[in-house]
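Me: I'm new to reading structures and I'd like to go through this one with you. Can I ask how we know what we say about it?

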Amino acid sequence: MAVLVMNQLFTMIILMLVGVILNKKKYLSENDAKELSVILVKVAVLANMIILLQRPYSHEIFVEFLKVCAGTLGVCFIATILFYVVGKWMKMALSSATLFACCGAYSNIIFMGQPLIKALYGEKGLIFCVAVMFVSTLYLFTICSILLPLGTDKMKDSAKVLKDSFLNLVFISGTIGFICFAKSIVLPKIISDAPQFSANTTVCLSMIYIGFLLAEANLKEAMKDKEVYIFCILSLIITPIIAKAFGGLFLEGMPLAVLAILMGTPAGTLLPSFVESYGKSARRVSQYVFMSTILSLITLPLVAEFLCRS
């Protein structure tokens, strides 16, 4: 299992290096990277969620899908509490502690988790990847949207929170895909080909985007910060253990392994721009993303080997 993960990570590293080179050579500007992220989040990822759920209905898979959704929600709640308690233990202010907690609850499932799951479990594993992606994104736009403004003047009213939660494109595309799966609705090939072509770009573009972000980060500054290392230990080691223990109460086999691996991926690359809208430090979050991404190249094979054995 670890060898498969390492092989996939090596491929991802090569694509990340392309992003680093594009950054250093100034072939890709910061604005270009932001536009690339828009394409990923609003086109490729959404198309992927619909395509991955284009499969014959199975009651067994349907039940396991719902269980993985429940497991994801539970792990997100536990992780949020854990990170918040540790943040307060490190004497963080309320605003910093909620930032620490929300970053710990949202992993890089979209950009790093998906290619790993496909390499390990093929198309069968990706439907559970959609479940984790769907719930974690909903969690980010609901619970995290409530927590992040605490200690700031960026509070949003409940109507705005609900609108952002249920009218975002990830939620809508996931709902469409889920309905198609539950009702065994198969899109005509002339229609399904378009999202399929878009979905095929997800892995390549997302790794290039991550490489660009890594090239922007201040390595020396991040490596000197004890708080960043504590974040990485909690997110890359403790959280997947929690996912294995909690999910093991009602999951087993591949669905449980998918949950554990995805919860052991680094901090989500969407977090810096997301927290910035609440007046939080995008620079601090970028350090979490940067260092956890680097260290995940070591921890993910270990998670796969010791937590995901069949």
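Me: Which residues line the second largest pocket?
Reply: In this predicted model, the lining is made of Asn-48, Ile-51, Leu-52, Gln-114, Lys-118, Glu-123, Leu-126, Gln-196, Ala-199, Asn-200 and Val-203. A residue gets on that list if it has an atom within 4 Å of a pocket point. The space in this pocket comes to about 190 Å³.

Me: What makes up the split of that lining into nonpolar, polar and charged?
Reply: It goes by residue type. Lys and Glu count as charged, so Lys-118 and Glu-123 go in that class. The full split is 5 nonpolar, 4 polar and 2 charged.

Me: Which elements give two or more residues to the lining of the second largest pocket?
Reply: Those are H2, H5 and helix H9 (189-199). The largest share, 4 residues, comes from H5.

Me: H5 again, then. Why are H5 and H10 called oblique to each other?
Reply: Set the angle against the cut-offs. Helix H5 (residues 109-141) and helix H10 (residues 202-216) pack at about 130°, with their axes 9 Å apart. Roughly perpendicular stops at 115 degrees and roughly antiparallel needs over 145. An angle of about 130° fits neither of those classes, so the pair is oblique.

Me: How do you know which residues of H5 and H10 meet?
Reply: Contact needs heavy atoms within 4.5 Å. On the H5 side that gives Phe-111, Met-112, Gln-114 and Pro-115, and they meet Thr-202, Val-203, Ser-206, Met-207, Tyr-209 and Ile-210 in H10. By class, this contact has 7 nonpolar, 3 polar and no charged residues. The crossing is left-handed.

Me: What is the handedness where H3 passes H12?
Reply: That crossing is right-handed. Helix H3 (residues 59-89) and helix H12 (residues 226-247) pack at about 140°, their axes 10 Å apart.

Me: Why does the contact of H3 with H12 include polar residues?
Reply: Gly counts as polar here, so Gly-71 and Gly-74 in H3 land in that class. In total the contact has 13 nonpolar, 4 polar and no charged residues.

Me: Back to pockets. How much space lies in the largest pocket, and which residues are closest to its centre?
Reply: About 1,200 Å³ of space lies there. Its lining has 41 residues, and the closest to the centre are Tyr-209, Leu-270, Pro-272, Ser-273 and Phe-274. H2 gives the largest share of that lining, 8 residues. By class, the lining divides into 23 nonpolar, 9 polar and 9 charged.

Notes: Residues are numbered from 1 along each chain as its sequence is written. This is a predicted model: local features need pLDDT of at least 70, side-chain atom pairs count only at pLDDT 80 or more; totals for chains, interfaces and linings use all residues. Side-chain values use heavy atoms; hydrogens and water are left out. Axes are lines fitted to C-alpha atoms, for helices over the stretch in contact, and angles run from 0 to 180 degrees between N-to-C directions. Angles under 35 degrees count as roughly parallel, over 145 as roughly antiparallel, 65 to 115 as roughly perpendicular and the rest as oblique. A crossing is left-handed if the near helix is turned anticlockwise from the far one by less than a right angle, and right-handed if clockwise. On a 1 Å grid over the protein atoms alone, a cavity is a set of points where a 1.4 Å probe fits but cannot get out, and a pocket is an open set with protein on both sides within 12 Å along at least five of seven lines; lining residues have an atom within 4 Å of a point. Grid points are joined across faces, edges and corners, and a volume is the space filled by probe spheres set on the points.
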